[in-house]
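Here are a few exercises to work through with the model open. Try each task before you read its solution.

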Amino acid sequence: MDTPLSTIAVVGLGTMGTGIAEVLARAGREVIGIDISEAAATRAITALESATARSVARERITEEERRDILARFRAFSDLQAAADADLVIEVVPESYEVKQQVFRALDSIVRPDAIIATGTNALSVTRLAADSAHPERVLGLHFFNPAPAMKLVEVVSSVLTAPQAVAAVTELAQQLGKEPVSVGDRPGFVADGLLFGYLNQAAAMYEAKYASREDIDAAMKLGCGLPMGPLALLDLIGIDTARTVLDAMYAESHDRLHAPAPILKQLSEAGLTGRKSGRGFYTYEAPGSGAVVRDALTPLETATTGAAREVRSVGVAGSGTMASGIAEVFAKAGYDVVLAARSAEKAETAKARIAKSLARSVEKGRMTTEAREETLARVTPAGSLDAFAEVDLAVEAVAEDLEIKQQLFATLDKVCKPGAVLATTTSSLPVVACARATSRPQDVIGMHFFNPAPAMKLVEVVRTVLTADDVHATVREVTARIRKHPVDCGDRAGFIVNALLFPYLNNAIKMVEQHYASLDDIDAAMKLGGGYPMGPFELLDVVGLDVSLAIEQVLHREFRDPGLAPAPLLEHLVAAGCLGRKTGRGFREYARR
């Protein structure tokens, strides 16, 4: 194991195996590609030729460098070709039986000091190692797709793995320009262990007809900045693959969040496995294509639930960052806005915050000085809700406390004219409870904006069982006019985004509690392996641990699922006053301003 890893065999030349072979050959390693299918071996050579030709065209490598890379890759159909390899990376289908056959055969082929790595993301590395004649040289080396582009590599050691093998492979990953993260052996490891629970919950949400596939995917892309929505990502990964990973995770955790949603089984067994088959949650132009085409489930762009009411003026109740942000959004879109707070002074302070925000837009060239003055002139500060007497839409953005909101809605009921739409921006409380505080529950709806409201494009439009069709149509129309993307959802805890986001964050905390991985490794894994803009602990500290705990508690009370119970570590940090960036300490410490 002290031998430099200069000759590397890749067993299995599917998409992942071919990508790994390309990474190795580009990094100067001699690569032996092996696949029982000669057609797969030919495709791998063709793929490498095409990828390197593109690199030459983009002037990233020279023609001579391209010839050298191609010369370093040789393809075979016999496992015996791995005899001289210093490292063998197995990337065959996710089946113990198939992988064990490869491992047993390699035992009699490779040198005793060669390292054998499995590319599994779902199966037990320990179980595979135990079947090997030399379990100390077996480990996991989990690349992410597409291997040439994705920086993360999870180096997985079992209790049997020799430290020298881990060190050698970790060094190799660094030399390949990757970011290696060392983890222990459990299904899904770090990135997939967090990712697949989230994907499973999204599939279950869709199966329950809580929201459309388009709205679920748009919500997570626009609300969390993710590169893909969960259902589109399941189609890309392969629904059968996702089901295999979740089965393995559930077998170990017995957490209902990991029990594969029945729809995954139904689609898999019907052969609707996603992009590779041409149909999964979405329908594609052809098998292997990423181009989505219309099908029977594609919503009509003109679909509406009724005639919208006219909205010319908007009232925003509240004086915090969210209230001023929402008021700014409406004023920019041309609406006359009344910004009401508990006192005239607080209302003026909120308007001053809008003025500052608009000034920044002018500085950055996003807005003219004239437009800034016109927008600011549309905002009228008020020290009482009585100023809402003539507004067509009243939007509440006060503290996330049900009693406070109910009192406010009771006041709006008395103050606002008949036919005015009353909206709450709650992110976790029942909208219907606000509606019932009025004599006109049919006029009440949820409009959940995301922070910062001027920048975030998403608005979750939350109907209760009492909301009138024309109220829903009005809010959707207004949301489009203020240049936001509306997604429809029912009145249940977390709506779409928080119901999918916070169990994922909670599971990340549990990983740290169990000493499975460090904060830094988990954050790195999700940013590099999942394309997330922030790691879970960075995000928790930004959101605020007290806010996160409150949302977790609401989700747990609503769904009664033990897997949703807040992680004790989160509760302890909140009890200690470590609330994240706002207090200078959360999961990490921050410099006080």
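**Exercise 1. Find out what share of the protein chain is buried, and how its overall dimensions look.**

Start with burial: 52% of the 593 residues in the protein chain count as buried, where buried means under 20% relative accessible area, exposed over 50%, and partly exposed in between (1.4 Å probe, protein chains only). Before going on, a word on ground rules: this is a predicted model, so local features need pLDDT of at least 70 and side-chain atom pairs count only at pLDDT 80 or more, while totals for chains, interfaces and linings use all residues. Residues are numbered from 1 along each chain as its sequence is written, and side-chain values use heavy atoms, with hydrogens and water left out.

Next, the box: along the principal axes, the C-alpha atoms take up roughly 85 × 50 × 50 Å. Then the radius of gyration: a compact globule of 593 residues would come out near 25 Å, and the protein chain has 28 Å, which agrees. That radius is taken over C-alpha atoms, and the globule rule is 2.2 Å times the number of residues to the power 0.38.

**Exercise 2. Work out the surroundings of Asn 121.**

First, place it: Asn 121 sits in the loop between β5 (115-118) and α5 (125-130). Helices (H or I, at least four residues) and strands (E, at least two) are DSSP runs, numbered from the N terminus. Second, check exposure: Asn 121 counts as buried because its relative accessibility is 12%. Third, list partners: leaving aside neighbours within four places in sequence, Asn 121 is in contact (heavy atoms within 4.5 Å) with residues including Glu 94, His 142, Phe 189 and Asp 192. Finally, the side chains of Asn 121 and Asp 192 share a polar contact of 2.9 Å. Such a contact is a pair of N or O atoms within 3.5 Å; within protein, one must be able to donate a hydrogen and the other to accept it, and residues adjacent in sequence count only if both atoms are side-chain atoms.

**Exercise 3. Look at the positive phi values of Phe 189 and Lys 209: is each residue buried or exposed?**

Take Phe 189: phi is about 55°, though this isn't a glycine. Phe 189 lies in the loop between β8 (179-184) and α7 (191-207), and its 0% relative accessibility makes it buried.

Now Lys 209: phi is near 60°. Lys 209 is in the loop between α7 and α8 (213-224), and at 76% relative accessibility it counts as exposed.
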